Structure formats: structure tokens, C-alpha cells
Amino acid sequence: MKVTTIGSGYVGLVTGACLAHIGHEVTGVDIDEAKIARLQTGKIPIFEPGLEDLIAVNMADGRLTFSADVAEGVRSADIIFITVGTPSDENGGADMRYVKVVAKTIAGSLDRYKIIVNKSTVPVGSTILVAKVIQENLSDPREFDVISNPEFLREGSAVEDFMHPDRIVVGTDSQRAAGLMAELYRPLNAPLVITDAASAEMIKYASNCFLATKVSFINAIANICDAVGADVKEVALGMGYDKRIGFEFLRAGPGFGGSCFPKDSRAMIYIAKEHGYDFELLRGVMDINANQKRLIAKKANSLLDGIYNARIGVFGLAFKPNTDDMRDAPALDVIPGVAKRGRTILAYDPVAAANAKELLPEQVQYVDDPFEAVRDADLLLVLTEWDEFRWLDWRRIKDLMKNAVVYDTRNCLDPQNLRRLGFVYQGVGR
Ligand SMILES: NC(=O)c1ccc[n+]([C@@H]2O[C@H](COP(=O)([O-])OP(=O)(O)OC[C@H]3O[C@@H](n4cnc5c(N)ncnc54)[C@H](O)[C@@H]3O)[C@@H](O)[C@H]2O)c1
């Protein structure tokens with residue numbers, strides 16, 4: 001089938017590359033001409049494992065092309081995916097500006113029946129909204145269906161997630177559209193949940209908000225563990241064996257971040273409020289999350305008590321491993337919380353430093369060798385659980401540091417091993 005993705009960011013690129021890989025003919029478009037020019041030469045603007053190769057293979061096989069001509073992208077496709085950003089607006093709701101612009105553009109070039117797919121995370125009612133914007137901007141009557149098909153991929157494992165989804169959700173009351181979407185995704189052999197558009201839109205928000213709730217829950221438990229002398233990792237393990245609870249998303253740390261959980265939780269609170277419901281539980285989840293970052297910074301400062309002009313080494317900046325995405329990363333709150341005058345901060349992240357530079361205080365210096373980050377340091381702050389950190393030569397790190405104190409805010413290192421080497425180890429909730 002002929003597919004166009006409008007918006008070539010994390011979701012657009014992965015969706016386009018994966019659909020091409022399962023045999024469809026895909027055009028990825030974007031208004032950012034520089035981005036498209038780079039993509040046309042095979043360079044991808046983000047770090048996402050496996051994506052560059054997948055794009056290269058499918059471009060070479062002629063199934064995937066990129067273009068800055070959005071109108072032509074609309075004309076050439078049977079199915080058009082809207083994959084533009086929906087950031088928070090000033091009230092916490094989803095800013096639908098980019099989606100509306102795309103809907104207008106689609107109306108301008110709609111020449112025959114097409115399916116327009118809301119893949120961006122959009123509030124309940126957006127399927128109707130996009131259909132309305134298209135209808136109002138059509139010059140001649142045309143047949144089309146707007147449907148909801150939220151995306152559940154995780155940055156860092158996006159290709160794998162897209163190719164092996166737990167489920168595919170399609171929200172529409174059009175049998176024709178549902179049938180074509182089932183055909184589009186058939187090679188993935190995944191459970192298909194076909195429902196109404198409002199429920200599909202809600203499934204996405206409810207899923208993200210539930211996961212955010214799990215993270216704040218375990219962080220709250222971690223803080224109590226700290227006070228009572230329990231180990232949150234043991235607690236999470238013991239809880240996780242219960243099938244009703246499960247092991248996933250019970251990792252205590254500096255709070256959730258990224259481009260989805262904070263934004264989608266804010267949007268859910270706003271949607272509820274707009275409809276007269278105070279989502280107290282989710283407000284609590286957000287408060288715990290904001291407080292967790294403050295608690296982490298406070299603890300880090302207490303580990304530096306009495307040290308004049310301290311040097312801090314930082315391992316990891318991205319909101320999670322295997323991505324360069326800095327949107328709402330905990331580092332953006334924790335680092336400013338420890339960046340006191342006179343202190344030196346040396347940060348290392350395998351891929352996110354370039355994005356972090358634009359967002360963190362000027363005081364932060366970036367190094368491309370983890371051992372440089374810890375030279376003469378009084379504290380090492382681990383903010384992202386990149387796998388490579390576990391395999392470093394920790395004996396060498398101990399020798400390089402002035403005070404061998406590690407604050408492992410992701411509980412990703414082995415405390416026993418580090419203590420044996422002579423480190424003072426501080427985790428979260430243990
Ligand atoms: N990033 C994730 O992990 C993830 C996962 C699931 C769902 N989502 C949702 O998917 C959506 C996209 O997220 P993202 O992270 O890919 O965003 P992104 O910011 O990485 O990409 C958005 C792209 O859209 C382009 N764009 C904006 N306006 C345009 C227009 N009028 N015409 C053409 N292109 C335009 C931008 O230039 C940009 O390249 C959001 O709603 C997000 O909530 C994201």
C-alpha cells in the first residue's frame with residue numbers, strides 16, 4: 001500500500017521505515033527542509049538503535065523516500081499518517097496547532113478516497129476535529145476517513161517495539177478504513193483492537209498515565225524504604241512476581257521524563273478538568289515526580305556537604321538509555337539543582353551531549369570519555385542507566401576520583417562490588 005508519514009521525527013521515521021520494511025511504499029515528509037535533505041542522503045537526525053540501517057536498506061530497495069513536498073506526499077498516498085508533535089500548551093493540554101496545520105494541508109491536496117491516521121498522541125475528540133478541519137478546507141467534496149491509531153513505541157527500542165507490538169489499536173466506525181488498516185498491519189501478526197475513535201484516543205493516554213503512576217508509586221515506596229531501612233529493589237522484585245503487578249516499571253529512580261509521560265499526564269489532568277473531573281491521583285503522580293527530582297538534587301548536595309568548590313562528574317544525560325532525547329529528562333532538573341557557584345560539573349553521555357548543551361546551565365562541561373568526567377571528582381552522579389556504565393573499569397574510576405562517592409540515581413550499579421572497591425555508594429531507596 002502507498003503510505004505517507006507527515007512529520008519525520010521519532011514516531012514518523014520509525015513508522016515509515018518499519019512500514020516500508022514490511023513491504024509498503026512509503027514517503028516520509030516534513031516541513032523541515034534541512035532535515036529532509038539530510039534524510040535523502042541517508043543521515044538520520046536522531047539516535048535510535050537499528051533505525052539508520054533500516055532506513056538505508058529500505059531506501060536502497062526503493063520502498064522508502066523522503067520529500068519536503070507535503071502536498072505531493074498527500075496526493076501519492078492511500079494512507080496518510082499524521083506524526084507531528086503535540087507538545088503541552090500553556091494550560092497543560094495538548095497543543096494541536098501542528099496537527100491542524102497538517103489537516104489543512106491534507107484538505108488542499110485530497111484528490112481521492114484516503115485514510116488519514118492520527119498517530120500523534122491527541123486528546124479525545126481529535127479524530128472528529130481533524131475530520132472537521134479537512135471538511136472545512138476541501139474545495140470539492142471528497143470521500144475520506146480519519147481514524148485514531150495511537151503509537152506505543154518506546155524510544156531506545158522503537159524499531160523492535162513497532163515490529164513486535166503488544167497490540168495495535170485502531171479507532172474508527174468505518175469498516176472500510178478498519179479493513180484497510182488490518183491489511184496494512186497484517187505482516188506484524190499482532191493483536192488488533194478495533195474500537196471507536198474516542199476509546200482509541202483514551203487507550204493511549206490511559207496507558208501512559210498508568211505507567212507514570214507505577215513509576216511514581218515505586219519512587220514513593222523507595223523514599224519510605226530509605227527511611228525504614230528496606231531495599232526497594234528487593235521490594236520491587238518481591239512485588240513483581242505477583243502476576244497482577246508484574247516486574248515492569250517498578251524501578252525507583254530520579255522520576256520519569258521524556259517526551260511522553262509528563263506531557264501526556266499533564267494533558268490527561270487537563271482533559272479531566274475540562275470535563276469537570278479532578279484527577280487527584282494523577283496530580284499526585286506528577287507531584288511525586290517533581291518532588292523526586294528535588295529530593296535527588298538535595299541528596300546529592302548533602303553528599304557534597306562541606307566540600308569547597310566541589311567537582312561533580314555526571315554519567316548520563318538523556319531521559320533513558322539508547323536515545324539522545326533530552327525532552328523532560330531528569331538531568332534537566334537535577335543538574336541545575338546541584339550547579340552551585342564555584343562547582344565544576346563534567347558530564348558524559350554516549351549520545352545526548354549535543355542536545356543537552358542547549359538545555360543545561362553553561363557551567364556544565366561535556367567530555368567524550370567517562371574517565372575524564374570523574375577525574376578529581378568529589379561525587380559521581382549517575383543519571384541515566386546506559387549499559388556501558390556497568391562494564392567500566394571501576395577500579396580506575398576509584399583511583400581517578402578525589403572522593404570516591406557514587407550517587408547511583410538509577411540503581412543500575414552493583415553496590416557490593418563498588419563498596420568492595422572502596423566507594424561510598426548511595427542508591428535510591430536502598
Ligand atoms: N517519541 C515517542 O517516544 C512517542 C511515542 C509514542 C507517541 N508519540 C507521539 O507522537 C507524536 C510525535 O512525536 P515525536 O517524538 O515523533 O515528535 P518529533 O518532535 O520528534 O517530530 C515531529 C516532526 O513533525 C514535523 N512537523 C511539524 N509540523 C509539520 C508540518 N506542518 N508538516 C510536516 N511536518 C511537520 C517536525 O519538523 C518534526 O520533524 C507526538 O504526539 C507524541 O506524543 C511519541
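The protein, seen here as a predicted model, contains 17 helices and 14 strands. Its radius of gyration is 23 Å, close to the 22 Å that the globule rule gives for 430 residues, so the protein is as compact as a globular protein of that length. Two domains, two separate nonpolar cores and a ligand surrounded by residues are taken up in turn below.

**Overall dimensions and packing**

- Taken along the principal axes, the box filled by the C-alpha atoms of the protein is roughly 75 × 50 × 40 Å.
- Of the 430 residues in the protein, 46% are buried.
- When contacts between residues at least 6 apart in sequence are considered, 72% of them join residues that are at least 24 apart.

**Domains and the contact between them**

- The protein is divided into domain 1, which covers residues 2-195, and domain 2, which covers residues 229-430, and the C-alpha centres of domain 1 and domain 2 are 33 Å apart.
- Where the domains touch, 16 residues of domain 1 are in contact with 16 residues of domain 2.
- On the domain 1 side of this contact with domain 2, the residues divide into 7 nonpolar, 7 polar and 2 charged.

**Nonpolar cores**

- The largest nonpolar core has 77 residues, and those with the most contacts inside this core are V14, I79, I80, I106, I116 and I134.
- Helix α9, which spans residues 197-228, gives this core its largest share, amounting to 9 residues.
- Both domains take part as well, since at least three residues of this core come from domain 1 (2-195) and at least three from domain 2 (229-430).
- For I79, once its neighbours within four places in sequence are left aside, the residues in contact with it are M1, V3, K114, I115, V117, L180 and L184.
- Apart from the largest core lies another core, made up of 44 residues, including I312, L346, L360 and L413.

**Surroundings of the ligand**

- The ligand is surrounded by 27 residues, of which the closest are G7, G9, V11, S120 and T121.
- Helices α1 (10-21) and α5 (97-109) each supply at least two residues of the shell around the ligand.
- By residue class, the shell around the ligand consists of 12 nonpolar, 10 polar and 5 charged residues.

Notes:
Residues numbered from 1 in each chain as written. Predicted model: local features only at pLDDT ≥ 70, side-chain atom pairs only at ≥ 80, totals over all residues. Helix = DSSP H or I, 4+ residues; strand = E, 2+ residues; numbered from the N terminus. Rg over C-alpha atoms; globule rule 2.2 N^0.38 Å. Buried ≥ 20, exposed ≤ 12 C-beta atoms within 10 Å, placed from the backbone. Contact = placed C-beta atoms within 7 Å. Near = placed C-beta within 6 Å. Nonpolar A, V, L, I, M, F, W, Y, C, P; charged D, E, K, R; others polar. Domains from an automatic or database assignment. Core = buried A, V, L, I, M, F, W, Y, C linked by C-beta atoms within 7 Å.
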